[in-house]
Amino acid sequence: MKSIVPRYTREIPQRARLEGAKCLKCGHIEFPPRLVCSKCRHREFETISLQKTGTLLTYTIIYTPAETFSMQSPFAVGIVELDDGVRLTTQIVDVPLDELKIGKRVEMIFRLVQKEGHAGILEYGYKAVLTN
Amino acid sequence: MIGIVGYGSYVPCYRITVDEIARQWGKKGDDIKNGILVYEKSVPGMDEDTITIAVAAAKNALKRAQIDPQKIEGVYIGSESHPYAVKPSGTVLVDALGIGPEVHVADYEFACKAGSEAMYVAFSHIKSGEMNYAMGIGADTSQGAPGDALEFTASAGGSAFIMGKENVLAEILATYSYTSDTADFWRREGRMYPMHGSRFTGEPAYFKHVLGAGRGILKKTGLEPEDFKYAVFHMPNGKFPLKAGKTLGFTKKQMEPGWVVPWIGNTYSGSSITGLSAALDAAAPGDKILMVSFGSGAGSDAFVFQTTEAIEAAQHLAPTFKEMTTKKRIYLTYGEYVRYRGKIQLND
């Protein structure tokens, strides 16, 4: 089995701390970071911490998940726009599903995302909770 | 002055009532509630464990401390439910919070007293001059065996305390520990649920050590119960801490703000220290607070704190215990509870 450990370790700054890359020329924020700015093609960035609050743009309810997430079914996955404009796909947790609504405010939190089988590593990262 | 420069707690939003657990096992909920003075307990979400609870509590502590996480030189997490048998919880936490990599990290275990143990180590590093800031955390997602008495109380939650010597919110005036080899509660390697000595967990274990540490620190400091605004004792249930406090001469009024167990259950390594967090939420400058933890096995750590002028400005920089535990609660059925706690086995 191919181990997920190297990739998981490499992505910790993004998954655990929501670190993005801000283009030093045009100010566009890339998340996850890229080598070349998708707006102006510049190659120099500064590392920034993304805003931890945002707005729920859209969501769906997963009733038939991948096996790893079968115990959590049904659960919500949505697209969140953080207050600095970055959009990301994330699970939305700690909410009765009938309370979800587009436009609600969210906060990004740190949670267990999945387990690598019964003996592999535990993979942590960001999820969203409603704040209103 | 050395003491707490930031504190924070986290309790999951899921709850199960004692009535619901009693219903499952054909017991009378009212009898149990009257016996243990616990009405409901917190349950971790399916994506929550000791690490995520510790991270959430530590974030709240950082909000109150208002310091750069990079300044923290030591991180200690106490728990009896570290997610890995081999691999530290603390390493996940420091990377999640942007602490380090120049940081000393260790995980601790001492049943329910592992959190105060972590606080004691963090405090000692500041006192020795070895570090400027260090964080002690206690967090747990404890399990009681289905049908066992512990199932009514074993819950989830935690608190984090950043120790330092600048902008101190609560000075640590004294510490005192009391320990002996007492097998009142244990879990062998590889076993999912703990075992306990039933009534042996009372007088020879909890009360011997909590009262030993309480009397010891009062003697050491020369303080009397009436010198304290608040007193917090480890809360395996609602009755034990009230009885211990009364035996030492404390009133229910002194214990009530930190008596958090009736509505969240026993958060194990997070128990007495979350009571401390709630007491700090209510404290005014100059208040003295006694905290006595208890860990089976067995031992107690006692601390005397005195809040400073800085406490009031810090209290609302992060959610208070009351805000956190009353704002959002999602109640589970027993069936949902066993799913959330991973007690259901699926085929691969």
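**Trp25(B) and its partner**

I began with the accessibility of Trp25(B) in this predicted model. Its relative accessibility is 36%, so I noted Trp25(B) as partly exposed, since buried would need under 20% and exposed over 50%.

Next I asked which residue forms an aromatic pair with Trp25(B). I found Tyr334(B), in an edge-to-face arrangement with 6.2 Å centre to centre and 90° between the planes. I wrote down both values because a pair of aromatic rings is described by the distance of the centres and the angle of the planes. Tyr334(B) has a relative accessible area of 6%, so I entered Tyr334(B) as buried.

Where do the two residues of this pair sit in the chain? Trp25(B) is in the loop between α1 (18–24) and α2 (29–36), while Tyr334(B) belongs to helix α13 (residues 334–340). They are 309 residues apart, so I marked the pair as a link between distant parts of chain B.

**Other rings**

I then looked up the total and got 16 aromatic pairs over all chains. One aromatic cluster caught my eye: Tyr206(B), Phe207(B), Phe240(B) and Phe294(B). A member of that cluster, Phe207(B), also has the charged end of Lys243(B) over its ring, 4.9 Å from the centre. I saw another charge over a ring at Tyr7(B), where Arg64(B) lies over the face at 4.1 Å from the ring centre.

**Helix α4**

Is helix α4 of chain B mostly covered or mostly open? I found the helix, residues 89–97, mostly covered, with seven of its nine residues buried. Among the buried ones I listed Val92(B), Leu93(B), Val94(B) and Leu97(B), along with the small entries Ser89(B), Gly90(B) and Ala96(B). Just past the helix, I noted that Gly98(B) takes a positive phi of about 75°.

**Chain B as a whole**

I finished with the overall picture. I counted 13 helices and 14 strands in the secondary structure of chain B. The radius of gyration is 19 Å, close to the 20 Å that the globule rule gives for 348 residues, so I called chain B as compact as a globular protein of that length. Along the principal axes, its C-alpha trace spans about 55 × 50 × 40 Å.

How much of chain B is buried? I got 63% of the 348 residues. The surface that chain B exposes comes to about 13,600 Å², and carbon and sulfur atoms supply 50% of it. My last look-up was contacts: of those in chain B with a separation of 6 or more, 79% come from residues 24 or more positions apart.

Key. Residues are numbered from 1 along each chain as its sequence is written. Chains are lettered from A and ligands numbered from 1 in the order in which they are written. This is a predicted model: local features need pLDDT of at least 70, side-chain atom pairs count only at pLDDT 80 or more; totals for chains, interfaces and linings use all residues. Side-chain values use heavy atoms; hydrogens and water are left out. Rings of Phe, Tyr and Trp (its six-membered ring) pair if their centres lie within 6.5 Å; planes under 30 degrees apart count as stacked, over 60 as edge-to-face and the rest as tilted. Helices (H or I, at least four residues) and strands (E, at least two) are DSSP runs, numbered from the N terminus. Buried means under 20% relative accessible area, exposed over 50%, partly exposed in between (1.4 Å probe, protein chains only). A charge sits over a ring if NZ of Lys or CZ of Arg is within 6 Å of the ring centre and within 35 degrees of the ring normal. The radius of gyration is taken over C-alpha atoms; the globule rule is 2.2 Å times the number of residues to the power 0.38. Contact means heavy atoms within 4.5 Å. Accessible areas come from the Shrake-Rupley method with a 1.4 Å probe; for residues, only the protein chains shown count as cover.
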